[in-house]
Amino acid sequence: MIDWKFSTKHIMILNWWLPDSPVKDRFGIILDGAVRSGKSLPGSVSFIKWAFGRFPQGGGEFFFAGKTIHATVRNIIRPLMNASVYLGYTVKYKKSDNLVQVTTSSGVSHNFYLFGGNDERSQDLIQGFTAWGGFFDEAPIMPKSFVDMAISRLSIEGATVWFTSNPLNPGHWFKKDFIDRAQEKGLLYLHLTMDDNLSLSEKVKARYRSLFTGVFYRRYILGEWCAAEGLIYPEFASRDDLAFDFNGDWSQYGEMFVSCDYGIQNAQVY
């Protein structure tokens with residue numbers, strides 16, 4: 001059973017493309033933010049509903065893309081199959097064809113092909129394909145060449161794109177080329193946190209918050225695009241753990257340690 005509880009942002013995800021929406025003319029939507037904030041299932045349900053709303057005649061060809069096809073089936077297709085009983089669709093996964101066929105109760109069908117953006121060669125797999133719409137699950141972990149090629153396949157009038165994303169380094173190509181330029185590219189950008197996922201209890205959210213510190217807390221819990229700034233040890237991922245006001249008295253800090261990076265090819269550093 002799926003615990004359907006929708007926050008304001010989730011309702012927006014499900015309805016932003018409807019005819020009376022003020023943002024209905026956007027080329028697509030980016031959903032990014034914290035872990036367990038509810039991006040994949042509302043996003044993919046919206047994508048399916050949009051496909052039948054925009055192209056009610058059926059016969060369309062769309063795609064779901066993830067790091068691998070296996071990950072896409074696990075993270076997107078299986079939950080969609082579970083959700084189909086609530087949505088009034090029949091969802092059939094044809095593994096041999098990497099194809100998901102979705103059919104309404106009135107017999108209208110669309111085809112959704114599955115692609116894996118695993119490495120730079122992945123762009124060759126989608127080249128030549130003409131798509132009516134596309135859904136990227138965790139777009140930042142795919143090669144930029146694959147994402148760019150897949151977007152170029154959306155040549156049908158009215159084609160639209162969906163992205164989900166967990167944050168990584170702020171210098172990442174997806175942050176710079178898509179999130180920072182969302183308005184320029186005609187994309188709707190929504191940032192989500194665990195508080196947007198109303199199906200999570202306070203106890204579960206507290207457990208997640210206790211699992212991470214420093215830069216990983218900022219990424220996974222706050223959903224911020226941030227970097228560790230060259231730090232190796234996770235214990236020192238937060239600048240607050242390193243910086244202090246020094247008054248010139250070393251005695252208050254007790255025993256001192258000096259670390260050494262013994263260099264042969266490069267300079268030795270203390």
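**Serine 37, two nonpolar cores and a surface patch**

Leaving aside residues up to four places away in sequence, serine 37 touches His10, Leu192, Thr193, Met194, Asp196 and Asn197. I should say at the outset that we are looking at a predicted model. Serine 37 sits in the loop between E1 and H2. Is serine 37 buried or exposed? Its relative accessible area is 0%, and therefore serine 37 is buried. Its side chain also reaches back to the backbone oxygen of alanine 34, at 2.8 Å.

Please stay with this loop for a moment. Arginine 36 also lies between strand E1 (28-33) and H2. Its phi is near 55°, which is a positive value in a residue other than glycine. As general background, most residues other than glycine have a negative phi. Arginine 36 has 46% relative accessibility, so it counts as partly exposed, since that term covers the range between 20% and 50%.

A second positive phi appears at asparagine 98, where the value is near 50°, again in a residue other than glycine. This asparagine is found in the loop between strand E3 (89-94) and strand E4 (99-104). With 27% relative accessibility, asparagine 98 likewise counts as partly exposed.

Asparagine 98 brings us to the interior, for it is one of the residues touched by phenylalanine 112. Which others does phenylalanine 112 touch, not counting residues up to four places away in sequence? They are Phe47, Ile48, Ala51, Phe62, Phe64, Leu99, Val100 and Val102.

Phe112 belongs to the largest nonpolar core, which has 33 residues; Phe112 and Phe64 are those with the most contacts inside it. Helix H2 (residues 40-54) supplies the largest share of this core, namely six residues. There is also a second, separate core of 26 residues, including Phe63, Ala65, Met149 and Phe163. In general terms, nonpolar side chains in soluble globular proteins tend to be buried together.

Let me close at the surface. Which residues make the nonpolar surface patch of about 530 Å²? Phe244, Phe246, Trp250, Tyr253 and Met256 form it. As for its placement in the chain, phenylalanine 244 lies in the segment that follows helix H8 (214-220).

To summarise, serine 37 is buried in the loop between E1 and H2, while arginine 36, in the loop between E1 and H2, is partly exposed. The interior holds a largest nonpolar core of 33 residues and a separate one of 26.

Notes
Residues are numbered from 1 along each chain as its sequence is written. This is a predicted model: local features need pLDDT of at least 70, side-chain atom pairs count only at pLDDT 80 or more; totals for chains, interfaces and linings use all residues. Side-chain values use heavy atoms; hydrogens and water are left out. A nonpolar core is a set of buried Ala, Val, Leu, Ile, Met, Phe, Trp, Tyr and Cys residues joined through side-chain atoms within 4.5 Å. Buried means under 20% relative accessible area, exposed over 50%, partly exposed in between (1.4 Å probe, protein chains only). Helices (H or I, at least four residues) and strands (E, at least two) are DSSP runs, numbered from the N terminus. Contact means heavy atoms within 4.5 Å. Patches are made of residues with over 30% relative accessible area and no salt bridge: like charges are joined within 9 Å, nonpolar side chains (Val, Leu, Ile, Met, Phe, Trp, Tyr) within 5 Å. Accessible areas come from the Shrake-Rupley method with a 1.4 Å probe; for residues, only the protein chains shown count as cover. A salt bridge is a side-chain nitrogen of Lys or Arg within 4 Å of a carboxyl oxygen of Asp or Glu. A polar contact is a pair of N or O atoms within 3.5 Å; within protein, one must be able to donate a hydrogen and the other to accept it, and residues adjacent in sequence count only if both atoms are side-chain atoms.
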